[in-house]
Amino acid sequence: PLASRFSIVAASTIYIITLSLIQTAVIIIASAFIGAGFPSLVGLGSIVLIVFLIVLGVTGLSLGLAFALPGHIELLAVIFVINLPLLFASTALAPMSFMANWLQVVASLNPLTYAIEPIRYIYQHSDWNFASMVMTTPWTELNFTTVLTLLFIFDLVILLAIKPLLSRHFS
């Protein structure tokens with residue numbers, strides 16, 4: 001018998017992260033075949049770290065919502081309401097420089113942008129390093145290390161926010 005929800009969350013998180021890393025590997029291999037090439041070994045490791053960080057945060061948020069909402073219908077509704085705006089208000093579909101000023105502000109607050117931009121930069125600049133400026137927001141430029149730190153802080157905030165939900169015992 002389960003004493004806490006943590007074991008469910010840990011198993012689900014490990015599964016989702018593993019699945020996401022497999023999908024990332026397939027995308028990297030496919031992109032190499034269509035001409036994008038392979039990033040360096042450090043670049044590949046950085047991509048794995050970025051995918052791990054964004055998936056951990058989003059998975060934590062989703063699982064926290066699953067425990068907070070009364071049923072699966074409500075969870076699906078909330079996830080759909082969150083996912084589409086996150087995707088369309090990120091730099092996944094268009095670079096930030098193509099966006100209207102107000103949308104640049106929204107995209108620069110979006111955690112997906114902080115995962116997309118450094119990966120895009122790794123592919124576009126073979127001479128990148130952790131001090132490289134990978135993202136320009138309406139208020140500042142961010143280097144690779146800062147973006148990784150912000151993704152880590154995003155994860156930390158999400159995990160701390162859902163911790164009370166995981167600590168509750170089944171009745």
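These are my notebook entries on a predicted model of one protein chain.

**Entry 1: Fold and dimensions**

I began with the secondary structure and counted six helices and two strands in the chain. Read from the N terminus, I recorded the order of elements as α-α-α-α-α-β-β-α. I then took the extent of the C-alpha trace, which spans about 55 × 35 × 25 Å along its principal axes.

**Entry 2: Burial, contacts and surface**

I looked up the burial next: of the 171 residues in the chain, 36% are buried. For contacts with a separation of 6 or more, I noted that 63% join residues 24 or more positions apart. The exposed area of the chain came to about 10100 Å². I recorded that carbon and sulfur atoms supply 75% of that area.

**Entry 3: Charges**

I listed 4 positive and 5 negative charges in the chain. Their mean positions, positive against negative, lie 20 Å apart.

**Entry 4: The largest pocket**

I turned to the pockets and entered a volume of about 910 Å³ for the largest pocket. The lining of this pocket consists of 32 residues, and I noted V51, I54, V55, L112 and A115 as the closest to its centre. Which helices each supply at least two residues of the lining? I found helix 1 (6-33), helix 2 (41-68), helix 3 (72-88) and helix 5 (111-124). Helix 2 gives the most to the lining, and I entered its share as 10 residues.

**Entry 5: Three loop residues**

I selected one residue from each of three loops.

I located P70 in the loop between helix 2 and helix 3. Is P70 buried or exposed? I classed P70 as exposed because its relative accessible area is 74%, and the cut-off for that class is over 50%. I also checked P70 against I28, 42 residues away along the chain, and found their C-alpha atoms separated by 39 Å.

I placed A94 in the loop between helix 3 and helix 4 (101-108). The relative accessibility of A94 is 25%, so I entered A94 as partly exposed; the buried class would require a value under 20%. Between A94 and G43, which are 51 residues apart along the chain, I noted a C-alpha separation of 22 Å.

I found T137 in the loop between strand 1 (133-136) and strand 2 (141-143). T137 has a relative accessibility of 7% and therefore counts as buried. Which residues does T137 touch, leaving aside those up to four places away in sequence? I listed M96, S108, Y114 and L142.

**Entry 6: Loop residues side by side**

For later reference, I set down the three loop residues together.

| Residue | Loop | Exposure class |
|---|---|---|
| P70 | between helix 2 and helix 3 | exposed, 74% |
| A94 | between helix 3 and helix 4 | partly exposed, 25% |
| T137 | between strand 1 and strand 2 | buried, 7% |

Methods. Residues numbered from 1 in each chain as written. Predicted model: local features only at pLDDT ≥ 70, side-chain atom pairs only at ≥ 80, totals over all residues. Heavy atoms only, no water. Helix = DSSP H or I, 4+ residues; strand = E, 2+ residues; numbered from the N terminus. Buried < 20%, exposed > 50% of the residue type's maximum accessible area, 1.4 Å probe, protein only. Contact = heavy atoms within 4.5 Å. Areas by Shrake-Rupley, 256 points an atom, 1.4 Å probe, with all protein chains shown as cover. Lys, Arg positive; Asp, Glu negative; His and termini not counted. Charge placed at Lys NZ, Arg CZ, Asp CG, Glu CD. 1 Å grid on protein atoms, 1.4 Å probe; cavity = no way out; pocket = protein on both sides within 12 Å on 5 of 7 lines; lining within 4 Å. Points joined across faces, edges and corners; volume = space filled by probe spheres on them.
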